[in-house]
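Here's a quick tour of the model on your screen. Keep the structure open and follow along, section by section.

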Amino acid sequence: MKNLLTINIGGDFAPINGAEKTAIELPEQIWGDAIELFKNADLSIVNLEVPLTGSIEKIDKTGPNIKAPKECVSSLKAAGIDLVTLANNHIYDFGDKGVADTLEVCKENGIDTVGAGMNLEEAQKTYYKEIKGLKIAVVNFAENEWNSAEVDHAGSNPMDLIDNIKQIRNAKKNSDFVMVIVHGGHEYYSYPSPRMQKQYRFYAEEGANIVVSHHTHCASGYEIHNDVPIFYS
């Protein structure tokens, strides 16, 4: 079939709590058989849930501040990851330095990024990539939980219905296929809330060709809405 693409979208990658060494030295133990799936795809994406940084300057927040060594980028390379989404609730755990280090080490290792930046304008940028003659757009944003970028500091592209819909509509005008990847939901709960279902369906109605969410640490079902697949986690 002409222009048939294989795109893999994974959930949260967070080599912490003793997994750091394994991620760096034995990536096949982290990724298992998924390595072949990622390497053979036209585009492979995972959510990088932690800043890759050596910074010790934590932000003040509720919940844990987590990070991984910069060297863990080698695990992403070994798995054949092309793009990491950075809009999540931990990317700003170590402030501007953590975000800057993550962006830098990914760029140095040929891994593209979307969903975070050193200010709000950078964080809100849509990712575009042309593959086999088709232009793919990735719009990535996260629910607001200590992580959102602002005009004067780094962080994630925040969940804002008006701004996000504008991003989706603009991506639709400038690409052949729009992927909306969201970080949000209720942890360890296997169903989307009524608000999430209503909102994600709206993304589909406004131009998304697929909507994928992660954050809940469990599978949360999927549906087809207006011919658009929506994966709630």
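## Helix α5

Helix α5 covers residues 95-108, and its 14 residues reach 20 Å from the first C-alpha to the last, close to the 20 Å expected at 1.5 Å a residue. (The expected span is 1.5 Å times one less than the number of residues.) This is a predicted model, so local features need pLDDT of at least 70 and side-chain atom pairs count only at pLDDT 80 or more, while totals for chains, interfaces and linings use all residues. Residues are numbered from 1 along each chain as its sequence is written, and side-chain values use heavy atoms, with hydrogens and water left out. Helices (H or I, at least four residues) and strands (E, at least two) are DSSP runs, numbered from the N terminus.

Which residues of α5 are buried? They are Gly-95, Gly-98, Val-99, Asp-101, Thr-102, Leu-103, Val-105 and Cys-106. Buried here means under 20% relative accessible area, exposed means over 50%, and partly exposed is in between (1.4 Å probe, protein chains only). The cover over these α5 residues includes β2, α4 (73-78), β3 (83-85), β4, β5 (116-117) and β8; contact means heavy atoms within 4.5 Å. Just after α5, Gly-110 takes a positive phi of about 75°.

## The four-stranded sheet

Two of the strands that cover α5, β2 and β4, also sit in an open sheet of four strands, ordered β1-β2-β3-β4 with parallel pairing. Strands pair if DSSP finds at least two bridges between them. At the edges are β1 (7-13) and β4 (112-114), each pairing on one side only. From one strand to the next, the twist averages 25°; axes are lines fitted to C-alpha atoms, for helices over the stretch in contact, and angles run from 0 to 180 degrees between N-to-C directions.

Want a spot to zoom in on? Strands β1 and β2 (residues 43-48) run parallel and are joined by five bridges. Asn-8 has Ser-44 in β2 as its bridge partner.

## The six-stranded sheet

There's also an open sheet of six strands, with mixed pairing and the order β6-β7-β9-β10-β12-β11. The edge strands β6 and β11 each have a single partner strand, so one side of each is left without a neighbour in the sheet. The twist averages 20° from one strand to the next. Helix α7 packs on this sheet and touches β6, β7 and β9, with its direction making about 175° with that of β7.

At one edge, β6 (residues 127-131) runs antiparallel to β7, and five bridges join them. Glu-130 stands opposite Lys-135 in β7. The hairpin of β6 and β7 has two residues between the strands, and Lys-132 there takes a positive phi near 55°. At the other edge, β11 and β12 pair in the antiparallel sense over four bridges, with His-225 opposite Val-228 in β12. Helix α8 packs on the sheet too, touching β7, β9, β10, β11 and β12, and its direction makes about 45° with that of β11.

## Helix α8

The 12 residues of α8 (residues 194-205) should span 16 Å at 1.5 Å a residue, and the end C-alpha atoms are 17 Å apart, which agrees. Its buried residues are Met-196, Gln-199, Tyr-200, Tyr-203 and Ala-204. Seen down the axis, they fall within an arc of 150°, so they line one face of the helix; the arc is that of the directions from the helix axis to the C-beta atoms.

Pro-194 and Lys-198 are exposed, on the face of α8 turned away from the buried side. The buried residues pack against elements including α7 (161-173), β9 (177-183) and β10 (210-214). Just after α8, Gly-207 takes a positive phi of about 135°.

## Two buried loop residues

Asn-147 is in the loop between β7 and β8 (155-156). Buried or exposed? Asn-147 is buried, with a relative accessible area of 1%. Its side chain reaches the backbone oxygen of Asn-88 at 3.1 Å, a polar contact (a pair of N or O atoms within 3.5 Å; within protein, one must be able to donate a hydrogen and the other to accept it, and residues adjacent in sequence count only if both atoms are side-chain atoms). Leaving out residues up to four places away in sequence, Asn-147 touches Asn-88, Asn-89, Tyr-92, Ala-142, Gly-155 and Ser-156.

Gly-184, in the loop between β9 and α8, is buried as well, with a relative accessible area of 1%. Residues up to four places away in sequence aside, its contacts include Met-196 and Tyr-200, which are among the buried residues of α8. Gly-184 and Asn-144 are 40 residues apart in sequence and 8.7 Å apart in space, C-alpha to C-alpha.
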